[in-house]
Amino acid sequence: MTASAELADLLRTRHNSDGPTIPSTDVAESVATLLSEIRQTAPARTHGGGDEPALDWATGEMDNAPVSMAISGPAYADNPIWYVNDAFEALTGYAEPEVIGENLRLLQGPETAADAVADLREAVDIWEATVVELDNYHADGSRFRNRVALAPIPDATGTISNWVGIQEERPLDS
């Protein structure tokens, strides 16, 4: 089975189960590992690097995943968004051209908890996966509860080249 097929199967199976699609950092890391394998099998010219957001290695399985997915560039460049899938556009109301080059902070707003943001920042600083829930905002300004799984994607040498953020809407607290 190819990494793309494994990714599709993992996300479909998890999405159809009870509870969140990405319940733990272990599952987030599994997604990142599969994305790394997908990238490694693609032609090197499609990988991007530095300030180049080439993500021609994105697959139909990524584009059509049942959960919102964003891939950002390297941490040293403030993690600019290089790719979002169709579910990201549907969840957030932002079209891909509007977010390319931006940081996922653009989803934050007045009721976004500082503690959850600090947890995300720490994960990036120490190069580890994390899962948090926080209030984010759609493009139209309306608030939604967002379960965010963030995991580093290593390249062929093991160096963290990108990050995957998986977003899933959760019920707003009453």
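These legends walk through close-up views of a predicted model.

**View 1. The sheet and its strand order.** Here five strands come together as an open sheet of 5 strands, in the order E2-E1-E5-E4-E3 and with antiparallel pairing. Its edges are strand E2 (81-84) and E3, each of which pairs on one side only. On average, neighbouring strands are turned by 30 degrees against each other, direction ignored. Within the sheet, strand E1 (residues 68-72) pairs with strand E5 (residues 160-170) over 5 antiparallel bridges, and you can find Ile71 opposite Val164 in E5.

**View 2. Helices packed on the sheet.** H2 touches E1, E3, E4 and E5, and its direction makes about 55 degrees with that of E4. Helix H6 (residues 114-126) also packs on the sheet, touching E3, E4 and E5, with its direction at about 135 degrees to that of E3.

**View 3. The hairpin of E3 and E4.** Strand E4 (residues 143-154) runs antiparallel to E3, and 8 bridges join the two. Look for Thr130 opposite Leu150 in E4. The hairpin has 5 residues between its strands, and Gly141 in the turn has a positive phi of about 95 degrees. Of the 8 residues of strand E3 (residues 130-137), 6 are buried, so this strand is largely enclosed by the rest of the structure.

**View 4. Helix H1 against helix H2.** The axes of helix H1 (residues 3-15) and helix H2 (residues 25-41) come within 8 Å and cross at roughly 155 degrees. That angle makes H1 roughly antiparallel to H2. Residues making the contact include Leu7, Leu10 and Leu11 of H1 and Val31, Leu34 and Ile38 of H2. By type, the contact residues divide into 9 nonpolar, 2 polar and 3 charged.

Conventions: Residues are numbered from 1 along each chain as its sequence is written. This is a predicted model: local features need pLDDT of at least 70, side-chain atom pairs count only at pLDDT 80 or more; totals for chains, interfaces and linings use all residues. Side-chain values use heavy atoms; hydrogens and water are left out. Buried means under 20% relative accessible area, exposed over 50%, partly exposed in between (1.4 Å probe, protein chains only). Helices (H or I, at least four residues) and strands (E, at least two) are DSSP runs, numbered from the N terminus. Two strands pair if DSSP finds at least two bridges between them. Axes are lines fitted to C-alpha atoms, for helices over the stretch in contact, and angles run from 0 to 180 degrees between N-to-C directions. Angles under 35 degrees count as roughly parallel, over 145 as roughly antiparallel, 65 to 115 as roughly perpendicular and the rest as oblique. Contact means heavy atoms within 4.5 Å. Ala, Val, Leu, Ile, Met, Phe, Trp, Tyr, Cys and Pro count as nonpolar, Asp, Glu, Lys and Arg as charged, and the others, Gly among them, as polar.
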